[in-house]
Amino acid sequence: MEMISVLIILFSIPPSVSWTNLAPSRSNARAERLPMAALSVGSNLLDQMLSPNSSCDPSQMSPTSLAYIGDSVFELFVRSRYVWPARRTTDLQNLVVGRVRAETQSKIFRKLLTTDTFQLTKEERNIVSRGRNAGSSSGGRKRGPKRLYGSSDGRKSENGGPEVYQDSTAMEALIGFIYLTDKDRCVNIMKFFAEELDKIDDEEGVVR
């Protein structure tokens, strides 16, 4: 049924519109000539392709599965943010890794929890709690990068300690949940992250 709807919309495009204009282009002028129906269809289809199947219930997903999605969403956001202006591949990779690592995520996440700009719902706070638990060490097994552990007994290191990894996992689980349940709200939380990254960039003199 969805494919039929797509075909109906595509074949309803006026003959005066060149089909070559439907191809991807770097020209804003050509992009503006695309019919809004075609743009909407493309956006909706991409959204479907980048989401689990329709039977998926995010509220029933494990926090690690949500974090798995959230990690991808946040990394794509960061990569897209810094890929232009052009940088050497090594510099780009180092910059991205520095922004998606647990220490930076923890710093941003703690700002999120104390801001009035983005208030978490009850369900989202529950996701955060579950994400923290999923990122905690248990049964003698340490979770997260070794650099977060200062000694064999798990005492806090200069990198923040194991709770930093808990923050990171909670943040990624939250992003994954919001991405799957409310795209508009996902835009808002990403705007908050962008503002915090702007501050870090300004402190480090990063050009964006």
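Glu196 and Lys199 sit three residues apart in helix H9, about one turn of the helix. An α-helix has 3.6 residues a turn, so residues three or four places apart point the same way. The side chains of Glu196 and Lys199 meet in a salt bridge with 3.2 Å from N to O; the term stands for a side-chain nitrogen of Lys or Arg within 4 Å of a carboxyl oxygen of Asp or Glu. Glu196 counts as buried at 8% relative accessibility, while Lys199 is partly exposed at 46%. Here buried means under 20% relative accessible area, exposed over 50%, and partly exposed in between (1.4 Å probe, protein chains only).

A word on the model itself. This is a predicted model, in which local features need pLDDT of at least 70, side-chain atom pairs count only at pLDDT 80 or more, and totals for chains, interfaces and linings use all residues. Residues are numbered from 1 along each chain as its sequence is written, and side-chain values use heavy atoms, with hydrogens and water left out.

**Overall fold**

The protein chain has nine helices and zero strands, and its pattern along the sequence reads α-α-α-α-α-α-α-α-α. Helices (H or I, at least four residues) and strands (E, at least two) are DSSP runs, numbered from the N terminus. Of the 208 residues in the protein chain, 36% are buried.

**Salt bridges**

How many salt bridges does the rule give? The count comes to 16. Three of them are set out here.

| Pair | Closest N to O distance |
|---|---|
| Arg99 and Glu204 | 3.0 Å |
| Asp167 and Arg132 | 2.5 Å |
| Glu196 and Lys199 | 3.2 Å |

Arg99 and Glu204 form a salt bridge. This pair links distant parts of the chain, with Arg99 in helix H5 (residues 89-100) and Glu204 in helix H9 (residues 183-204), 105 residues apart. Arg99 is buried, at a relative accessible area of 4%.

Asp167 and Arg132 are also joined by a salt bridge. Because Asp167 lies in helix H8 (residues 162-181) and Arg132 in helix H7 (residues 122-134), the pair ties together parts that are 35 residues apart in sequence. Asp167 counts as buried at 2% relative accessibility, whereas Arg132 is partly exposed at 26%.

Back in H9, Glu196 is buried at 8%. Salt bridges that share partners also build one network, which joins Arg81, Arg99, Asp198, Asp201, Asp202, Glu204 and Arg208.

**Helix H4 and the loop after it**

Helix H4 (residues 63-82) has 20 residues and reaches 28 Å from its first C-alpha to its last, close to the 28 Å expected at 1.5 Å a residue. That expected span is 1.5 Å times one less than the number of residues. Which residues of H4 are buried? They are Pro63, Leu66, Ala67, Gly70, Val73, Phe74, Phe77, Val78, Arg81 and Tyr82. These residues lie on the same side of H4 because they cover an arc of only 150° around the axis, the arc being that of the directions from the helix axis to the C-beta atoms. On the face turned away from this buried side, H4 carries the exposed residues Tyr68 and Leu76.

Pro85 is in the loop between H4 and H5. A cis peptide bond joins Trp84 and Pro85, with omega at about 5°. For context, most peptide bonds are trans.

**Buried positions in H8 and H9**

Ala173 belongs to helix H8 and is buried, with a relative accessible area of 0%. Ala173 and Ala134 are 39 residues apart in sequence, and their C-alpha atoms are 9.6 Å apart in space. Ile189 is in helix H9 and is buried as well, at 0%. From Ile189 to Leu174 there are 15 residues in sequence and 9.8 Å in space, C-alpha to C-alpha.

**Surface patch and cysteines**

Leu46, Met49 and Leu50 make a nonpolar surface patch of about 340 Å². Patches are made of residues with over 30% relative accessible area and no salt bridge, with like charges joined within 9 Å and nonpolar side chains (Val, Leu, Ile, Met, Phe, Trp, Tyr) within 5 Å. The areas come from the Shrake-Rupley method with a 1.4 Å probe, and for residues only the protein chains shown count as cover. Met49 is in helix H3 (residues 36-49) and is exposed, at 66% relative accessible area.

A search of the whole structure finds zero disulfides, a disulfide being a pair of cysteine sulfur atoms within 2.5 Å. Cys56 is partly exposed at 28% relative accessibility, and Cys186 is buried at 7%.
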